[in-house]
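Biologist: I am new to this structure, and I would like to understand the words used for it. Could you take me through them one by one?

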2 protein chains.
Amino acid sequence: VKTAAIVIVGDEILSGKVDDENARYLIGELRALGVRLGRIAVVPDEVDVIAETVHELASRFDWVFTSGGVGPTHDDLTVAGVARGLLRRVVRDPALEALLRAHFGADVPDAALRMADVPEGAERAAESELSWPVCVVDNVIVLPGVPEIFRRKFAAIRERFRDTPFVLRSVFLRADESRIAAALAEVAAEHPAVHIGSYPRTDERGAIVRVTLEGKDAGEVARATARVVAGAPPGSVERTD
Amino acid sequence: VKTAAIVIVGDEILSGKVDDENARYLIGELRALGVRLGRIAVVPDEVDVIAETVHELASRFDWVFTSGGVGPTHDDLTVAGVARGLLRRVVRDPALEALLRAHFGADVPDAALRMADVPEGAERAAESELSWPVCVVDNVIVLPGVPEIFRRKFAAIRERFRDTPFVLRSVFLRADESRIAAALAEVAAEHPAVHIGSYPRTDERGAIVRVTLEGKDAGEVARATARVVAGAPPGSVERTD
């Protein structure tokens with residue numbers, strides 16, 4: 001199973017000035033691609049925190065996606081943080097510098113040229129399809145915070161992450177969660193390759209629990225689902241999706 | 001400045017089955033209370049990961065709020081994770097056990113009684129106002145994942161977190177972000193107690209940047225705001241909020 005983590009860089013999210021849209025979008029995309037998302041971290045605009053977060057997550061997950069902090073201002077610190085987290089220097093990419101000089105002309109501000117700085121060894125991904133490529137360094141994909149651009153850039157490199165799809169089944173049980181817990185724990189122990197979740201809520205008819213079963217092997221998921229149904233309290237199975 | 005972190009426990013968020021509502025709610029509440037939110041971590045239903053995350057964040061922030069993973073099933077591991085993260089044992093709270101026995105009656109399932117387990121030394125907060133108290137242990141507040149209950153419980157203890165409110169000003173500049181970056185960096189360096197953010201976007205009239213200035217001292221924020229306005233390119237200030 002391929003795994004991923006998301007690092008959202010931005011005081012604006014933590015302070016509630018801006019609602020996160022990128023983690024939400026990527027959650028759905030990664031799921032559809034068959035990638036297991038294992039962590040989301042929302043961190044402030046601080047180089048040290050970005051660096052330690054990237055360092056830790058890049059060593060634990062197959063892919064790490066960062067969002068935000070890539071502009072020209074003093075609070076744009078993601079490139080420096082990613083570089084430090086991956087123990088690399090920051091260098092100026094000549095191809096990116098040329099793009100900036102073409103855009104800004106003769107009086108290009110120094111601040112703008114900072115956007116050509118990348119961790120040493122970074123790849124310019126999807127260079128031919130995008131007006132500004134995606135920065136990929138080791139297993140870290142550096143994406144911008146503006147949602148429309150974040151999506152366009154992710155879409156341009158999406159296929160490199162595709163893996164075997166997940167199979168998801170749900171069993172809806174009309175029961176108190178406490179009364180099915182022991183049976184669920186047994187099925188979970190017997191089917192370690194199947195991820196079993198239990199989500200209780202209350203509707204007009206009382207307590208109802210959605211039991212989810214998911215994995216990459218459809219046969220395994222089907223067998224675990226059958227075990228949950230067989231072990232449920234008599235008459236409690238409302239439906240199976 | 002009081003600081004906080006949020007730990008969202010739940011495979012259902014990471015896999016996209018459920019949209020997070022609790023971090024979003026708490027972001028707004030903490031801001032309104034004058035508490036600086038410094039980190040959000042979304043972690044899977046794994047004791048080790050919960051424990052290390054709580055351990056790290058509880059030592060760095062004044063308050064850590066956890067959401068989810070507190071029910072009776074095998075995937076409810078937050079109490080065990082928080083206990084391990086704070087180097088405490090898990091013990092059964094007799095008052096909580098009594099509440100559960102009163103609710104379930106004579107045939108209370110063992111799984112239900114797990115909900116009476118708490119990290120040793122935990123406080124039962126807001127016990128008189130709520131039908132089920134909030135578990136507070138050291139500086140960690142353990143809240144449930146169901147959004148309505150999460151909100152009701154937080155509201156019952158909200159006032160213990162209130163601090164000096166934040167003062168926020170915004171300056172809207174009709175300019176390319178690169179051309180104001182150097183001036184902003186200067187103001188940021190001169191006013192370390194004021195947090196300065198720069199958020200560019202494009203509207204029908206072209207590039208516009210929202211510069212935010214915030215802090216706890218209104219005079220400091222006003223002085224920094226005046227400096228940003230004075231240092232902006234001639235004619236670029238569209239408005240100040």
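**Helix pairs and single residues**

Modeller: Gladly. H2(A) and H7(A) are roughly parallel to each other. Please keep in mind that this is a predicted model.

Biologist: What makes H2(A) and H7(A) roughly parallel?

Modeller: Helix H2 (residues 22-33) of chain A and helix H7 (residues 147-157) of chain A pack at an angle of about 20°. Angles under 35 degrees count as roughly parallel, so the pair earns that name. The axes of these two helices are 10 Å apart, and the crossing of H2(A) and H7(A) is right-handed.

Biologist: Which residues of H2(A) and H7(A) meet?

Modeller: From H2(A) come A:Asn22, A:Tyr25, A:Leu26, A:Glu29 and A:Leu33, and they meet A:Pro147, A:Phe150, A:Arg151, A:Phe154 and A:Ala155 in H7(A). By class, this contact of H2(A) with H7(A) has 7 nonpolar, 1 polar and 2 charged residues.

Biologist: Why are H8(A) and H9(A) called roughly antiparallel?

Modeller: Again, set the angle against the cut-off. Helix H8 (residues 181-190) of chain A packs with helix H9 (residues 218-231) of chain A at an angle of about 160°, and their axes are 10 Å apart. Angles over 145 degrees count as roughly antiparallel, and therefore H8(A) and H9(A) are described that way. H8(A) passes H9(A) in a right-handed crossing.

Biologist: Which residues do H8(A) and H9(A) bring to their contact?

Modeller: A:Ala183, A:Leu184, A:Glu186, A:Val187 and A:Glu190 in H8(A) meet A:Ala224, A:Arg227, A:Val228 and A:Gly231 in H9(A). They divide into 5 nonpolar, 1 polar and 3 charged residues.

Biologist: Now to chain B. Is B:His191 buried or exposed, and how do you know?

Modeller: B:His191 has 9% relative accessibility. Buried means under 20%, so B:His191 counts as buried. This residue is found in the loop between helix H8 (181-190) and strand E10 (195-203) of chain B. Not counting residues up to four places away in sequence, B:His191 touches B:Glu220, B:Arg223, B:Ala224 and B:Arg227.

Biologist: What makes the pairing of B:His191 with B:Glu220 a polar contact?

Modeller: Their side chains come to 3.4 Å, and the cut-off for a pair of N or O atoms is within 3.5 Å.

Biologist: How do you know whether B:Gly10 is buried or exposed?

Modeller: Its relative accessibility is 0%, and under 20% means buried, so B:Gly10 is buried. B:Gly10 is found in the loop between strand E1 (3-9) and helix H1 (11-14) of chain B. Leaving aside neighbours within four places in sequence, B:Gly10 is in contact with B:Val43 and B:Asp45.

Biologist: And what is said of B:Ala222?

Modeller: B:Ala222, in helix H9 (residues 218-231) of chain B, has 36% relative accessibility. Partly exposed lies between 20% and 50%, so B:Ala222 counts as partly exposed.

Biologist: What is notable about phi at B:Leu87?

Modeller: B:Leu87 has a positive phi of about 60° although it is not a glycine. B:Leu87 lies in the loop between helix H4 (78-85) and strand E4 (90-92) of chain B. With a relative accessible area of 71%, set against a cut-off of over 50%, B:Leu87 is exposed.

Biologist: Where is B:Ala126 found, and is it buried or exposed?

Modeller: B:Ala126 is in the loop between strand E6 (123-125) and strand E7 (134-137) of chain B. Its relative accessible area of 13% makes B:Ala126 buried, as the limit is under 20%. B:Ala126 has a positive phi of about 55° although it is not a glycine.

Definitions and conventions: Residues are numbered from 1 along each chain as its sequence is written. Chains are lettered from A and ligands numbered from 1 in the order in which they are written. This is a predicted model: local features need pLDDT of at least 70, side-chain atom pairs count only at pLDDT 80 or more; totals for chains, interfaces and linings use all residues. Side-chain values use heavy atoms; hydrogens and water are left out. Helices (H or I, at least four residues) and strands (E, at least two) are DSSP runs, numbered from the N terminus. Buried means under 20% relative accessible area, exposed over 50%, partly exposed in between (1.4 Å probe, protein chains only). A polar contact is a pair of N or O atoms within 3.5 Å; within protein, one must be able to donate a hydrogen and the other to accept it, and residues adjacent in sequence count only if both atoms are side-chain atoms. Contact means heavy atoms within 4.5 Å. Axes are lines fitted to C-alpha atoms, for helices over the stretch in contact, and angles run from 0 to 180 degrees between N-to-C directions. Angles under 35 degrees count as roughly parallel, over 145 as roughly antiparallel, 65 to 115 as roughly perpendicular and the rest as oblique. A crossing is left-handed if the near helix is turned anticlockwise from the far one by less than a right angle, and right-handed if clockwise. Ala, Val, Leu, Ile, Met, Phe, Trp, Tyr, Cys and Pro count as nonpolar, Asp, Glu, Lys and Arg as charged, and the others, Gly among them, as polar.
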